[in-house]
Amino acid sequence: MTKTTKRNWKRLGLTAGLGLGVSLIAAGCGATEDTESMEDTVGKGQEIELAYVEWDDAVATNHVVAQVLEDLGYDVTLTPLDNAIMWEAVSTGEADAMLSAWLPGTHGAQMEEYGDKMVDLGGNLEGAKIGLAVPAYMDVDSIADLTDQAGKSITGIEPGAGIVAAAENALTGYPNLSDWSIETSSSGAMTVTLGQAIENEEEIIITAWNPHWKFSAYDLKYLDDPNGTFGGEETVHTMVREGLETDMPEAYQVLDQFHWTIEDVEALMLQIYEGESAEDAAEAFVEANPDLVAEWTAGVAK
């Protein structure tokens, strides 16, 4: 499995800096306080890999958790994968953890297939939701009332996503959608198409979910779902590989204690959308929320 992450470059710079520090010590310059503090951190260079799908909420979540773990001394790799592969990677131990399991509905099929091969640490975010959404200027309020809007097309995200599967079920479950289609692409392409449609005040229907920055950036509304095809509120769970608690008990504890709110993650997502790097936004969030970070790291020796 190829591991790709911007944070690796950050770590390479840190490694080079520590190497220089060792050289200076050998030359009689002595150890710096920063080097001493790194030696005292609980992770002490242990490697941990977080798998995620490149959804905006998952990018924000994983970079925040990575920042917290790096501050504890862990060598963190962030690996973007397709949804099904993310689940499989944690179930086989190729990745250590993921923080993007939408349950009970969206990822119910994946949970059934892989859940007994990993450890469910419970919810890290409550109040998550999926459905079909439209710009507020569209004169429709329910999936059951759709007729020929947006060329009878729903703009979706990645083909393997649970929300796309739910939308496909809607096409068969709602008689008025029997001749509709779903155009799949990616999360990023969907938001670009959404922005262009809103700029031109065109009709568009998207597969939507909270948390997401688009609800902060645009005036959108969910369509009522009288058939309950998209389910109710969901909780985003943290899942880890079997054996992680034994191998890295402090990291396991942080992952177990990590939780935040829709408002937290959507604010961070909007910063990233507006141009701040995920790394910088996550670092700023951690620095600005010491009490919350203290909850996540409670009981972890530093």
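A contact here means heavy atoms within 4.5 Å, and that idea will serve us in several of the exercises below. The model is predicted, so local features need pLDDT of at least 70 and side-chain atom pairs count only at pLDDT 80 or more, while totals for chains, interfaces and linings use all residues. Residues are numbered from 1 along each chain as its sequence is written, and side-chain values use heavy atoms, with hydrogens and water left out.

**Exercise 1. Find what covers helix α4.**

Task: list the buried residues of α4 (residues 83–92), then name elements that cover them.

Solution. Step one is to fix the terms. Helices (H or I, at least four residues) and strands (E, at least two) are DSSP runs, numbered from the N terminus. Buried means under 20% relative accessible area, exposed over 50%, and partly exposed in between, with a 1.4 Å probe and protein chains only.

Step two: the buried residues of α4 are Asn83, Met86, Trp87, Ala89, Val90 and Ser91.

Step three: their cover includes the strands β1, β3 (97–103), β4 (118–135) and β9 (234–241), along with helix α5 (108–114).

Step four: just past the helix, Gly93 has a positive phi of about 85 degrees.

**Exercise 2. Place Asn83 in its surroundings.**

Task: which residues does Asn83 touch, not counting those up to four places away in sequence?

Solution. Begin with location: Asn83 belongs to helix α4. Its relative accessible area is 5%, so Asn83 is buried. Beyond its sequence neighbours, Asn83 touches Val53, Trp55, His107, Gln110 and Gly160. For a distance to check in your viewer, the C-alpha atoms of Asn83 and Ala51 are 9.5 Å apart, with their positions 32 residues apart along the chain.

**Exercise 3. Trace the strand pairings.**

Task: do β1 and β2 run parallel or antiparallel, and which strands pair with β9?

Solution. Two strands pair if DSSP finds at least two bridges between them. Strand β1 (residues 47–52) and strand β2 (residues 75–80) run parallel, joined by six bridges. Within this pairing, Leu50 stands opposite Leu78 in β2.

Next, add the helix. Together with α3 (residues 56–71), β1 and β2 form a right-handed β-α-β unit. Right-handed means that, with the strands pointing away from the viewer, the path from the first strand over the helix to the second runs clockwise.

Now turn to β9. Strand β3 joins β9 through five bridges in an antiparallel arrangement, with Trp102 opposite Val236. Strand β4 is also antiparallel to β9, over seven bridges, and here Met118 has Arg241 as its bridge partner. Seven of the eight residues of β9 are buried, so the strand is largely enclosed by the rest of the structure.

**Exercise 4. Sort the ring interactions.**

Task: how many aromatic pairs does the structure hold, and which lysines lie over rings?

Solution. Rings of Phe, Tyr and Trp (its six-membered ring) pair if their centres lie within 6.5 Å; planes under 30 degrees apart count as stacked, over 60 as edge-to-face and the rest as tilted. By this rule there are six aromatic pairs. In one of them, the centres of Phe258 and Trp260 are 5.6 Å apart and the planes meet at 55 degrees, so the pair is tilted. Phe258 and Trp260 are both buried. Ring pairs also link Phe258, Trp260, Phe285 and Trp296 into a cluster.

For the lysines, a charge sits over a ring if NZ of Lys or CZ of Arg is within 6 Å of the ring centre and within 35 degrees of the ring normal. Lys129 lies over the face of Tyr222, 4.2 Å from the ring centre. Lys214 has its charged end over the ring of Trp209, at 4.0 Å from the centre.

**Exercise 5. Spot the unusual backbone.**

Task: where are the cis peptide bonds ahead of Pro104 and Pro211, and where do Ala150 and Glu201 sit?

Solution. Recall the background: most residues other than glycine have a negative phi, and most peptide bonds are trans.

- Leu103 and Pro104 share a cis bond with omega about 10 degrees; Pro104 is in the loop between β3 and α5.
- Asn210 to Pro211 is cis, with omega near 5 degrees; Pro211 is in the loop between β7 (206–210) and α8 (214–217).
- Ala150 has a positive phi of about 50 degrees and lies in the loop between β4 and β5 (153–155).
- Glu201 has a positive phi of about 50 degrees, in the loop between α7 (187–199) and β7; with 63% relative accessibility, Glu201 counts as exposed.
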